[in-house]
Amino acid sequence: MSLPSGTPDLESLELLVSVAELGSLGAAARRHGISQPAASMRVTALERRVGLRLLDRGRTGSVLTDAGQAVVELGRPVLAAALELTDGIKALQSVPRSSLRILASTTLADHRIPHWLTALRKLHPELAVTLDVANSRQVTTAVRDREAVLGFVEGPQPPTGLGSRVLAADELVVVVAPHHPWATRRRALTPRELADTPLLWREKGSGTRDTVWETLEMHGTPAPPAAELGSAAAILTTARSGAAPAVVSRLIVAHELRAGTLREIPLAEEMTLTRKFRAIWHRRTPPTGPAADLVELAARIEAARTRRH
């Protein structure tokens, strides 16, 4: 829809109303912060636009014509509607933007959550999401203390005392540098061998560490760590040096395996190294709104991903 060519502009119409209210063009000009000649020129332009004489200009001042009075009466509700529109827009601008703060473990934050948030943004384009990254134990503590309504963690067991939903299973693999003695072995690695070997471990509280430790404990006390490192990147760098084997998520190491900078060691059939990706929340405040949508989208995306593979 387009307005007719003779439609008055609001500023000129407002000026004409001020002339009617104040009784003179000069007073109206002062109200609007412009000079009287500028006000006169604006009214003249309005007269040309509507094709009517709106003011009778004389030595003693300017008086609205009958047509001018009629335009003023017709214009008052238009100006009132414009003011209502402006006030409504300001009110909308003052409404706080909806936000969602989530916490996630490193692997999930780096490799899965970006896909989930892309889907969430399509559903809630106005939503502002804050993502903080920590290890699984720190995320669990933050959710338990209500510092965030939603967390995403990895590990073998659900955190006690919290609500949770399994989103996907994640495979862990044993990797070594190409020049490590295990790189050329033909036999599959047994649980006992892995338990007896000093490994590159993540810090305590990591979901990867908890999963590997729980698995190896079934076959004996795991050997002391060759090193404890605070990030997956540090683990991979140290493993490439040949210092020791590492157990990491296939998600993290996939590009290294394709490039040949690290090699995967096959595991004996009796050993399965997997962990669960979970959404977690405080039991008294299960996710609602965008938080619930994010959990549902994550579950759907991961289910589709599993079917493809």
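Is Glu73 buried, partly exposed or exposed? In this predicted model, Glu73 comes out as partly exposed, with a relative accessible area of 48%. The legends below start with the whole chain and then go in on the charged pairs.

**Figure 1. The whole protein chain, with its twelve helices and eleven strands.** Along its principal axes, the C-alpha trace spans about 110 × 45 × 35 Å. A compact globule of 309 residues would have a radius of gyration near 19 Å, while this chain comes in at 35 Å. Of the 309 residues, 41% count as buried. Take the contacts between residues at least 6 apart in sequence: 74% of them join residues at least 24 apart.

**Figure 2. The surface of the protein chain and its charges.** The chain exposes about 16800 Å², and carbon and sulfur atoms supply 54% of that. Side chains that carry charge number 39 positive and 32 negative, and the centres of the two sets lie 2 Å apart. Side chains of opposite charge can pair when their charged atoms come close. Here the structure holds 18 salt bridges, and the next views pick out some of them.

**Figure 3. Close-up of Arg76 and Glu73, a salt bridge within helix α4.** The closest N and O atoms of this pair are 3.6 Å apart. Both residues sit in helix α4 (residues 66-94), three residues apart, or about one turn of the helix. Arg76 is partly exposed at 32% relative accessible area, and Glu73 is partly exposed too, at 48%. The pair also belongs to a bigger picture: a network of salt bridges links Glu21, Arg31, Glu73 and Arg76.

**Figure 4. Close-up of Arg250 and Glu171, where a helix meets a strand through a salt bridge.** The N to O distance here is 2.8 Å. This pair ties together distant parts of the chain, with Arg250 in helix α11 (residues 250-259) and Glu171 in strand β6 (residues 162-176), 79 residues apart. Arg250 has a relative accessible area of 27%, so it counts as partly exposed. Glu171 is also partly exposed, at 37% relative accessibility.

**Figure 5. Close-up of Arg187 and Glu193, another salt bridge.** The closest N and O atoms of the two side chains are 3.4 Å apart. How accessible is Arg187, buried or exposed? Arg187 is exposed, because its relative accessible area of 53% is over the 50% cut-off. Its partner Glu193 counts as partly exposed, with 23% relative accessibility.

Terms used
Residues numbered from 1 in each chain as written. Predicted model: local features only at pLDDT ≥ 70, side-chain atom pairs only at ≥ 80, totals over all residues. Heavy atoms only, no water. Helix = DSSP H or I, 4+ residues; strand = E, 2+ residues; numbered from the N terminus. Rg over C-alpha atoms; globule rule 2.2 N^0.38 Å. Buried < 20%, exposed > 50% of the residue type's maximum accessible area, 1.4 Å probe, protein only. Contact = heavy atoms within 4.5 Å. Areas by Shrake-Rupley, 256 points an atom, 1.4 Å probe, with all protein chains shown as cover. Lys, Arg positive; Asp, Glu negative; His and termini not counted. Charge placed at Lys NZ, Arg CZ, Asp CG, Glu CD. Salt bridge = Lys/Arg side-chain N within 4 Å of Asp/Glu carboxyl O.
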